[in-house]
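Before reading my comments, please take a moment with the sequence and the model side by side. The points that follow are meant to be checked against both.

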Amino acid sequence: MKFLLFIIVQVFPLMVILYFAVRFKKPTENAGWIVEVDSECKCWTSQNFEHRSFRWTGECVSGFAHGAGELTVIQNGFDYAFFSGSLVNGKAEGAGQILWLDGDRFEGHFRKGSPEGFGRMYNDDGDYYEGTFKNGQRWGMGTYWYEPGNRLLKYVGSWEAGLKHGAGTLFFRDGTQISRSYESGKLISTRE
């Protein structure tokens, strides 16, 4: 009886996780148009279009999801991400938010389907970035807040193509501050 209980409590959940992990295809960087379930309505995705579809609560105009609504991205048969906001010709435009299955979340502005302008990107481990985005990446001035428990509190500075680039300051939880300069994410100088 103890062995059967062990199998049910310990082994079965692990087998379920492994089953879904094997079924889930790895995301690719392939951007493209995806098609709504049971419809010919299209929507833009920035990656993994080969394995995605969607459901949309808004209108479909000239074959593209359009206007205000809520969108659920489906990847390999499972709900993967949830978007609320406006689409223009199948691409996110204006204020909106997206929540991914892993717990990451973006709130801010979109342009042609990507985060653009001011926004906040929250990671599932508790850290987040608030600042400007360009083409879906951190770009311009912004603050990266480190997860609770990290000895770093935040980094305030300049970003380019998602990497620290230019001048910035690291703030530690003990009150220490260090000014640094970066080039494409690589530290090039430090000043205390």
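The numbered points below deal with the nonpolar core and then with the cysteines.

1. Please keep in mind throughout that this is a predicted model, and that the details below are computed from it.

2. The largest nonpolar core has 27 residues, and those that touch the most other members are Phe-54, Leu-71, Phe-83, Leu-87, Tyr-155 and Leu-170. Strand E6, which covers residues 78-88, supplies the largest share of this core, namely four residues.

3. Phe-54 deserves a closer look, since leaving aside residues up to four places away in sequence, the residues it touches include Leu-71, which is also listed among the core members that touch the most others. Two cysteines, Cys-41 and Cys-43, are also among the contacts of Phe-54.

4. Which cysteines form a disulfide? The structure holds one such link, and it joins Cys-41 to Cys-60, with the sulfur atoms 2.3 Å apart. The link is right-handed, with 115° about the S-S bond. Cys-41 sits in the loop between strand E1 (32-35) and strand E2 (42-45), while Cys-60 belongs to strand E4 (residues 59-61), so the disulfide ties together parts that are 19 residues apart in sequence.

5. The two partners can also be described by their accessibility: Cys-41 counts as buried at 0% relative accessibility, whereas Cys-60, with a relative accessible area of 41%, is partly exposed.

6. Cys-43 is in no disulfide, and the nearest cysteine sulfur, which belongs to Cys-41, is 8.0 Å away. With a relative accessible area of 4%, Cys-43 is buried.

Note on methods: Residues are numbered from 1 along each chain as its sequence is written. This is a predicted model: local features need pLDDT of at least 70, side-chain atom pairs count only at pLDDT 80 or more; totals for chains, interfaces and linings use all residues. Side-chain values use heavy atoms; hydrogens and water are left out. A nonpolar core is a set of buried Ala, Val, Leu, Ile, Met, Phe, Trp, Tyr and Cys residues joined through side-chain atoms within 4.5 Å. Buried means under 20% relative accessible area, exposed over 50%, partly exposed in between (1.4 Å probe, protein chains only). Helices (H or I, at least four residues) and strands (E, at least two) are DSSP runs, numbered from the N terminus. Contact means heavy atoms within 4.5 Å. A disulfide is a pair of cysteine sulfur atoms within 2.5 Å.
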